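I opened a notebook for this one and wrote down things as I looked them up. Here is the structure first, then my entries.

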Amino acid sequence: MSIAADYLGRTIDVSAFHGVKLNGEHLLRQTLAEEDSSGLIVTGIQKLAQRFVIEFLTDRGSLKYLPERGGTFIQAARAGSLRTEIDVFTQFELALGHMESVLLAEEKETDPDDERYLAANLASIAFTLDHIKLYISLVSRAETTREIILPISITI
């Protein structure tokens, strides 16, 4: 259990994904409030992972007053452009190039290193009938890592 002192000098964010576990594969619920766990916060590498996932899943141009936010990967998935591993890796790298500049631009020198972006790579891919699972390795400036597993619906 954490206490207020654990967060002194840290930045926090509201948890947008409930059900996060340190190990294994878990289905998360995307919600800001739940009956039994409203007001959860995240910090450290989990905060960075949340920023990364939100940016990755946002379509570029979908935020009216922030047209440069978001990536292009989901657009490629909707268009049916992700048919092979090469397609997925290529689209991931294209989206990542833009996302890196956005993530780095919103960081401050005073932010803790475990909340600042250093690198991400697509470690592996798993195809099923109607979606792909992306296994993304995210690294902070503190060199802490987090594996993110994203199931993405695809059009065939």
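**Entry 1: a cut-off before I start.** I call a residue buried when its relative accessible area is under 20%, exposed when it is over 50%, and partly exposed in between. Arg 51 has 15% relative accessibility, so I put it down as buried. I also noted that I'm working with a predicted model.

**Entry 2: the partners of Arg 51.** I went looking for charges next. The side chain of Arg 51 meets that of Glu 106 in a salt bridge, at 2.7 Å from N to O. This pair ties together distant parts of the chain, since Arg 51 sits in helix α1 and Glu 106 in the loop between α3 and β5, 55 residues apart. Glu 106 has a relative accessible area of 33%, so I logged it as partly exposed.

Arg 51 also forms a salt bridge with Glu 107, this time at 3.4 Å from N to O. Again the pair links distant parts of the chain: Glu 107 is in the loop between α3 and β5, 56 residues from Arg 51 in helix α1. Here I found both Arg 51 and Glu 107 buried.

**Entry 3: the rest of the charges.** How many salt bridges does the structure hold? I get eight. Another of them joins the side chains of Glu 109 and Arg 116, at 3.4 Å from N to O. Glu 109 is exposed, with a relative accessible area of 65%, whereas Arg 116 is buried at 5%. I then saw that Arg 51, Glu 55, Arg 69, Glu 106, Glu 107, Glu 109 and Arg 116 are linked in a network of salt bridges.

**Entry 4: Ser 140.** Arg 116 turned up again when I checked Ser 140 in strand β6. Buried or exposed, I asked of Ser 140? Its relative accessibility is 0%, so it counts as buried. Leaving out residues up to four places away in sequence, Ser 140 touches Ile 45, Leu 48, Asp 113, Asp 114, Arg 116 and Leu 118.

**Entry 5: the nonpolar core.** I moved on to the largest nonpolar core, which has 29 residues. The members that touch the most others are Phe 52, Phe 56, Phe 73, Ile 132, Leu 134, Ile 136 and Ile 152. At least two residues of this core come from each of α1, α2, α3, β5, β6 and β7. I followed Ile 132 further: beyond its neighbours within four places in sequence, its contacts include Phe 73, Val 88, Ile 125, Phe 127 and Ile 152.

**Entry 6: helix α3.** I checked the length of α3. Its 21 residues at 1.5 Å each should span 30 Å, and the end C-alpha atoms are 30 Å apart, so the two agree. Among the buried residues of α3 I listed Val 88, Phe 92, Leu 96, Met 99 and Leu 103. The buried residues of α3 pack against α1, α2, β5 and β6.

**Entry 7: two loop residues.** Gly 80 is in the loop between α2 and α3. Its relative accessible area is 10%, so Gly 80 is buried. The C-alpha atoms of Gly 80 and Ile 154 are 6.5 Å apart, although 74 residues separate them along the chain.

Leu 66 lies in the loop between α1 and α2. With a relative accessible area of 46%, Leu 66 is partly exposed. Together with Leu 63 and Tyr 65, Leu 66 forms a nonpolar surface patch with about 350 Å² of accessible area.

Notes: Residues are numbered from 1 along each chain as its sequence is written. This is a predicted model: local features need pLDDT of at least 70, side-chain atom pairs count only at pLDDT 80 or more; totals for chains, interfaces and linings use all residues. Side-chain values use heavy atoms; hydrogens and water are left out. A nonpolar core is a set of buried Ala, Val, Leu, Ile, Met, Phe, Trp, Tyr and Cys residues joined through side-chain atoms within 4.5 Å. Buried means under 20% relative accessible area, exposed over 50%, partly exposed in between (1.4 Å probe, protein chains only). Helices (H or I, at least four residues) and strands (E, at least two) are DSSP runs, numbered from the N terminus. Contact means heavy atoms within 4.5 Å. The expected span of a helix is 1.5 Å times one less than its number of residues. Patches are made of residues with over 30% relative accessible area and no salt bridge: like charges are joined within 9 Å, nonpolar side chains (Val, Leu, Ile, Met, Phe, Trp, Tyr) within 5 Å. Accessible areas come from the Shrake-Rupley method with a 1.4 Å probe; for residues, only the protein chains shown count as cover. A salt bridge is a side-chain nitrogen of Lys or Arg within 4 Å of a carboxyl oxygen of Asp or Glu.
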